Amino acid sequence: MTTHCAAVIPAPHQAIEIREFPSPELQPGAALLRTLFSEVCGTDVHLWHGKLAGVPYPLIPGHVSIGAVAALRTPLRDIAGQPVREGDVVTFLDVHETCHTCWYCLVGKQSTRCPHRKVYGITYGADDGLLGGWSEAIWLKPGLKLVPIPAGLDPETFIGGGCGLTTALHAVDLAQLQLDESVVVLGAGPVGQSVTALASLSGAGEIITIGGPDDRLEFARRMGATTVIGLEPSPEERAGTVRGATGGRGADVVIEASGAPEAVIQALEMVRDGGRVVVVGQYTDHGTVPLNPHLQINRKHATIRGCWGSDFSHFHRAVAIAARHGGRFPWRELAARRYALADADVALLAVERREVVKAVIAVHPSVAPAPASR
Ligand SMILES: [Zn+2]
Ligand SMILES: [Zn+2]
């Protein structure tokens with residue numbers, strides 16, 4: 001019997017173990033992916049800390065991954081109708097089983113809130129099979145949406161952007177940014193860096209990225225920030241700097257991507273009257289903050305939009321954006337450090353300690369064609 005090794009979080013706070021799993025029986029429409037790269041992001045740290053609800057431990061983490069198709073049961077096609085063949089390098093939307101038949105899918109048109117959705121590496125557990133990317137092989141269940149990595153897109157550029165790029169695209173869509181509008185980005189982690197890049201691509205004027213430490217702010221400049229602000233000045237001083245850079249009014253758009261509840265209040269202080277705030281950073285429950293609804297929302301005429309997850313449109317466009325603009329924005333360097341599958345615990349610790357913005361598990365990196373030869 002063929003088996004594949006995978007890194008497993010047995011339960012919250014427990015040490016990662018390498019376990020062997022049998023190769024899945026491929027039903028019609030299924031495929032097996034030989035993993036090239038999978039990412040380690042802040043969500044994986046939350047999973048390790050037991051901070052997300054509805055997670056069936058033991059868990060094989062890894063929600064955004066790239067691999068080479070190793071086996072197919074029946075012919076598969078991508079959404080453009082092109083055949084997917086053995087050996088093709090593909091990625092896939094980690095969200096599976098969005099039903100497209102429930103109230104949220106059909107009437108509310110909020111498919112990211114579909115109660116039937118399952119997520120590889122998050123809400124599929126190891127007992128369900130090889131459904132996470134920290135693994136030698138990934139079982140692509142029928143109905144999973146594959147996206148070929150186009151010629152010329154270095155797989156590590158896409159995995160460097162990864163889930164942060166996809167989430168950032170959703171947030172920037174919700175902000176309905178117009179040319180030359182001013183944008184404040186709260187947070188300089190993976191989502192904040194990609195929001196900064198996408199705001200720049202969208203033709204924003206002033207782009208002010210606020211966060212830390214200093215090397216992340218320097219990186220944000222390379223992603224298109226026109227001004228960066230560290231966390232040493234007080235929130236009032238930071239808001240003053242934003243007003244100074246925006247004609248005294250505040251920013252047209254503030255995108256919160258920090259994860260700190262108080263950052264939402266700071267966003268409302270920094271946005272201009274009639275401006276838009278998108279809250280994308282509060283992926284786990286870090287508690288409550290006091291708010292003055294009269295001053296900070298009502299009289300201010302502020303629009304506040306929450307942004308949860310991403311759907312196939314964001315994922316598909318993120319691959320295209322990485323291919324088209326990966327030379328200009330250094331997504332590849334966001335995941336500068338590679339780790340072997342056996343060192344998944346070291347990779348997770350590096351992300352937890354914020355030594356790296358994100359880490360990449362290079363499972364079978366040698367299978368990936370070198371960018372120069374593509
Ligand atoms: Zn649904
Ligand atoms: Zn992630």
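**Figure 1. Histidine and glutamate at the zinc ion (ligand 2).** His 63 counts as buried, because its relative accessibility is 3%, and Glu 39 likewise counts as buried, at 0% relative accessibility. In this predicted model, both residues belong to the set of protein donors of the zinc ion (ligand 2), which comprises Glu 39 (OE), Cys 41 (SG), His 63 (NE2) and Cys 163 (SG) at 1.9 to 2.8 Å from the ion. Glu 39 and His 63 link distant parts of the chain, since Glu 39 lies in strand E3 whereas His 63 lies in the loop between helix H1 (42-48) and strand E4 (65-72), 24 residues apart.

**Figure 2. Geometry and spacing of the donors around the zinc ion (ligand 2).** The angles among the four donor atoms run from 69 to 128°, and the site is irregular. Read along the chain, the donors of the zinc ion (ligand 2) follow the spacing E-x1-C-x21-H-x99-C.

**Figure 3. The salt bridge between Asp 154 and Arg 332.** A search of the whole structure finds 11 salt bridges, and one that can be shown in close-up joins the side chains of Asp 154 and Arg 332, with an N to O distance of 2.4 Å. The pair links distant parts of the chain, with Asp 154 in the loop between strand E11 (146-148) and helix H3 (155-175), Arg 332 in helix H10 (residues 331-334), and the two positions 178 residues apart. Asp 154 counts as buried because its relative accessibility is 11%, whereas Arg 332, at 38% relative accessibility, counts as partly exposed.

**Figure 4. The salt bridge between Glu 156 and Arg 332.** The side chain of Arg 332 also meets that of Glu 156 in a salt bridge, at 3.1 Å from N to O. This pair, too, links distant parts of the chain, Glu 156 being in helix H3 and Arg 332 in helix H10, 176 residues apart. Glu 156 is buried, with a relative accessible area of 10%.

**Figure 5. The salt bridge between Arg 337 and Glu 355, and a network of shared partners.** The side chains of Arg 337 and Glu 355 meet in a salt bridge with an N to O distance of 3.9 Å. They link distant parts of the chain, 18 residues apart, with Arg 337 in strand E18 (residues 337-339) and Glu 355 in the loop between helix H11 (344-352) and strand E19 (359-362). Arg 337 is partly exposed, with a relative accessible area of 39%, and Glu 355 is partly exposed as well, with a relative accessible area of 44%. Elsewhere, salt bridges that share partners join Asp 154, Glu 156, Arg 332 and Arg 338 into one network.

**Figure 6. The nonpolar cores and the contacts of Ile 255.** The largest nonpolar core holds 57 residues, of which Phe 158, Ile 255 and Trp 331 touch the most other members. At least two residues of this core come from each of several elements, including strand E12 (183-186), helix H4 (190-201), strand E15 (251-256) and helix H9 (312-325), while H3 supplies the largest share, 10 residues. Leaving aside residues up to four places away in sequence, Ile 255 touches Ala 171, Val 172, Ala 175, Val 184, Val 185, Leu 186, Val 195, Val 278 and Val 280. A second, separate core of 43 residues includes Ile 16, Phe 21, Val 356 and Ile 361.

Definitions and conventions:
Residues are numbered from 1 along each chain as its sequence is written. Chains are lettered from A and ligands numbered from 1 in the order in which they are written. This is a predicted model: local features need pLDDT of at least 70, side-chain atom pairs count only at pLDDT 80 or more; totals for chains, interfaces and linings use all residues. Side-chain values use heavy atoms; hydrogens and water are left out. A salt bridge is a side-chain nitrogen of Lys or Arg within 4 Å of a carboxyl oxygen of Asp or Glu. Helices (H or I, at least four residues) and strands (E, at least two) are DSSP runs, numbered from the N terminus. Buried means under 20% relative accessible area, exposed over 50%, partly exposed in between (1.4 Å probe, protein chains only). A nonpolar core is a set of buried Ala, Val, Leu, Ile, Met, Phe, Trp, Tyr and Cys residues joined through side-chain atoms within 4.5 Å. Contact means heavy atoms within 4.5 Å. Donors are N, O and S atoms within 2.8 Å of the metal (3.2 Å for Na, K and Ca); water is not among the atoms, so sites may look incomplete. Four donors count as tetrahedral if all angles lie between 85 and 135 degrees; four count as square planar and six as octahedral if opposite donors are over 155 degrees apart and all others between 65 and 115; anything else is irregular.
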